[in-house]
Amino acid sequence: MTLVPKLLPQWPALLAAALLAGGQAWAQAPAADSHAAHHTAAANEQQADLSEGEVTRVDAAALKVTLRHGELKNLNMPPMTMVFRVQDAALLAPLKAGDKVRFRAEQVKGAYYATRIEKAQ
């Protein structure tokens, strides 16, 4: 019991040292939590958000593409053929009728936009 009275005045410093030592363990994240792993997870998540479809018509002048698509889970929409707007004609440049694509659709102010389109592999 003689040790307790001697350490009592030093308890704030001991507590701070213990917290700092514990904080270093948190700062050293395992390799799975690395910056690159977060990007891989984000890329996989983005790929999962893409829907599959087929180009039936491209109208670059009107910034529109007609797609026959599967279910659009993010929009709670069943498979169908419909027209999507795009913000940039460059998104449509590599596409032609018959191309199989993966795309992301969003609803903006009541209109449906294809915000990302890539040829399926």
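In the predicted model, the largest nonpolar core comprises 15 residues, of which V65, L67, F84, V101, F103 and I117 touch the most other members. Two or more residues of this core are supplied by each of β2 (64-69), β3 (80-85), β4 (100-108) and β5 (111-119). Strand β4 gives the largest share, namely three residues. The surroundings of V65 were examined further. Apart from neighbours within four places in sequence, V65 contacts V55, R57 and V58, as well as M82, V83, F84, V86, L92 and I117. Among these partners, F84 and I117 are also listed with V65 as residues that touch the most other members of the core.

The core belongs to a chain with three helices and five strands. The order of the elements from the N terminus is α-α-α-β-β-β-β-β. Of the 121 residues in the chain, 20% are buried. Among contacts with a separation of 6 or more, 49% involve residues 24 or more positions apart. The exposed area of the chain is about 8,700 Å², and carbon and sulfur atoms account for 59% of this area.

Strand pairing was considered next. Strand β1, which spans residues 51-59, pairs with β2 in the antiparallel sense, with six bridges. Within this pairing, T66 of β2 is the bridge partner of R57. The two strands form a hairpin, and four residues lie between them. L63 is located in the loop between β1 and β2 and has a phi near 55°, which is a positive value in a residue other than glycine. The relative accessibility of L63 is 29%, so this residue counts as partly exposed.

Strands β2 and β3 likewise pair in the antiparallel sense, over six bridges. Here H69 stands opposite M80, a residue of β3. The loop between β2 and β3 contains P78. Because its relative accessible area is 47%, P78 is classed as partly exposed, the cut-off for exposed being over 50%. Beyond neighbours within four places in sequence, P78 is in contact with H69, G70 and E71. H69 therefore appears both opposite M80 in the strand pairing and among the contacts of P78. 

At the other end of the accessibility range, S51 lies in strand β1. S51 has a relative accessible area of 8% and is therefore buried, since buried means under 20%. With neighbours within four places in sequence set aside, the contacts of S51 are E71, L72, V101, R102 and F103. Two of these partners, V101 and F103, are also named among the core residues that touch the most other members. E71 is in contact with S51 and with P78.

A positive phi is also found at K109, where the value is near 50° and the residue is again other than glycine. K109 is placed in the loop between β4 and β5. With a relative accessibility of 86%, K109 counts as exposed, whereas L63, at 29%, counts as partly exposed.

Methods. Residues numbered from 1 in each chain as written. Predicted model: local features only at pLDDT ≥ 70, side-chain atom pairs only at ≥ 80, totals over all residues. Heavy atoms only, no water. Core = buried A, V, L, I, M, F, W, Y, C linked by side-chain atoms within 4.5 Å. Buried < 20%, exposed > 50% of the residue type's maximum accessible area, 1.4 Å probe, protein only. Contact = heavy atoms within 4.5 Å. Pairing = 2+ DSSP bridges. Areas by Shrake-Rupley, 256 points an atom, 1.4 Å probe, with all protein chains shown as cover.
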